[in-house]
Amino acid sequence: MSSEPIVEARDLTKTFTIGRGADGAALLLHAVDGVSLDIAPGETLSLVGESGSGKSTIGRLLVGLIPPTAGRIKLFGQTITAPQTRQQLAAVRRRLQFVFQDPYGSLDPRMRVGDSIAEPLDVTRGVTRAQRTQRVAELLEMVGLPRDSADRYPHEFSGGQRQRIGIARALALRPEFVVCDEPVSSLDVSMQAQIVNLLLDLQERFGLSYLFISHDLAVVRCMSSRIAVMYAGSIVELAPRSALYAAPQHPYTQALLAAVPHPVLDRVRTPPIAGEVPSRLVQPSGCRFHTRCPHAFARCHIEAPALRETAPGHFAACHLHERAA
């Protein structure tokens with residue numbers, strides 16, 4: 001695996017204007033705040049955290065669906081947050097794709113499946129009708145669907161089959177980097193396993209790199225090379241998969257893992273994390289997790305911890321590790 005990342009993000013920030021206050025000032029929602037990450041060729045970096053932590057916003061930023069408020073993004077060595085020509089952006093965007101959470105909502109119900117899959121090909125010059133038909137058939141077989149599925153409509157398929165269609169469409173232009181945004185969250189457990197295995201098989205076959213977004217720690221454990229844990233718009237822990245599950249360093253990660261149902265006793269081992277995620281309209285002081293953290297002390301209330309290496313390749317943003325050192 002090459003040591004050069006194909007995705008580099010530095011100090012990404014994204015705010016959304018959601019209205020105006022009584023004084024006329026803009027109300028800003030702070031979705032992402034100072035996130036930095038890399039993804040290597042052939043790697044799966046998973047983003048996990050509670051709903052509203054900013055995971056999906058990161059995915060949309062990395063593929064250019066929305067622009068960052070601040071920060072820098074490099075894809076395949078090219079900075080896409082600086083002014084680019086249409087041709088330069090088109091060359092980069094051919095190399096990345098997005099698999100959405102809702103397999104039905106991401107497909108036009110009025111279009112036949114073959115036409116939906118072929119949409120990326122239709123905007124590419126030089127693809128003949130015969131090549132288009134052949135490529136659609138190959139993609140359907142690649143994701144485990146029969147060729148005659150091309151003539152049917154999305155409502156004729158199950159949720160798992162529709163997600164396979166979405167994956168086929170994402171692979172149409174042979175991308176190198178794919179963002180998978182909660183791709184199995186709306187599926188039952190047996191179908192989740194099938195889609196995860198399909199994604200892993202495709203990764204091995206084509207050398208794909210994934211950003212895999214999920215709140216399901218069991219699914220993430222199967223998919224990931226490394227895992228980044230997000231809380232209230234920031235990454236609080238980043239580690240290789242085995243290290244994170246064996247020795248989580250941040251209290252938030254520890255609480256998430258402790259709440260995973262036990263495989264033998266089939267029950268939750270600890271109560272859910274107490275308290276609520278802080279408002280994203282006002283940037284809180286100190287560590288954003290301090291209002292819910294059982295280990296918080298005075299410094300946590302006033303100073304935000306930096307993401308520091310606590311073990312080789314393992315990073316955590318927590319004052320406890322500085323105190324121990």
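This passage describes the overall build, the nonpolar cores and the internal spaces of a predicted model.

The protein contains 11 helices and 12 strands. Its radius of gyration is 21 Å, which agrees with the value near 20 Å that a compact globule of 325 residues would have. Along the principal axes, the C-alpha trace extends over about 70 × 50 × 45 Å. Of the 325 residues, 45% count as buried. Links across the sequence are well represented: of the contacts between residues at least 6 apart in sequence, 63% join residues at least 24 apart.

Turning to the interior, the largest nonpolar core is made up of 55 residues. The members that touch the most others in this core are Ile117, Ile167, Leu199, Leu202, Tyr210 and Val229. Helix α6 (residues 189-206) supplies the largest share of this core, with six residues. Apart from this core lies another, of 31 residues, which includes Ile6, Ala9, Leu62 and Ile66. Returning to Leu199, its contacts beyond the neighbours within four places in sequence are Ile167, Cys180, Pro183, Tyr210, Phe212 and Met223. Two of these partners, Ile167 and Tyr210, are also listed with Leu199 among the residues touching the most other core members.

A charged residue also deserves a look. Glu8 sits in strand β1 (residues 7-20). Its relative accessibility is 17%, so Glu8 counts as buried, the limit being under 20%. Once neighbours within four places in sequence are set aside, Glu8 is in contact with Leu37, Asp38, Arg72, Ile73 and Lys74. These partners thus include the charged residues Asp38, Arg72 and Lys74.

The open and enclosed spaces complete the picture. The largest pocket holds about 560 Å³ of space. Its lining comprises 22 residues, and those nearest the pocket centre are Arg93, Leu96, Gln97, Pro120 and Leu173. Two or more lining residues come from each of α2 (86-93), β6 (96-99), α3 (113-122) and α5 (159-170). By class, the pocket lining has 11 nonpolar, six polar and five charged residues.

As for enclosed space, the structure has one cavity of 30 Å³ or more. The largest cavity has a volume of about 70 Å³, and 13 residues line it. Nearest the centre of this cavity lie Cys287, Cys293, Ala296, Cys300 and Cys318. The cavity lining consists of nine nonpolar and four polar residues, with no charged residues, whereas five charged residues take part in the lining of the largest pocket.

Note on methods: Residues numbered from 1 in each chain as written. Predicted model: local features only at pLDDT ≥ 70, side-chain atom pairs only at ≥ 80, totals over all residues. Heavy atoms only, no water. 1 Å grid on protein atoms, 1.4 Å probe; cavity = no way out; pocket = protein on both sides within 12 Å on 5 of 7 lines; lining within 4 Å. Points joined across faces, edges and corners; volume = space filled by probe spheres on them. Core = buried A, V, L, I, M, F, W, Y, C linked by side-chain atoms within 4.5 Å. Buried < 20%, exposed > 50% of the residue type's maximum accessible area, 1.4 Å probe, protein only. Helix = DSSP H or I, 4+ residues; strand = E, 2+ residues; numbered from the N terminus. Contact = heavy atoms within 4.5 Å. Rg over C-alpha atoms; globule rule 2.2 N^0.38 Å.
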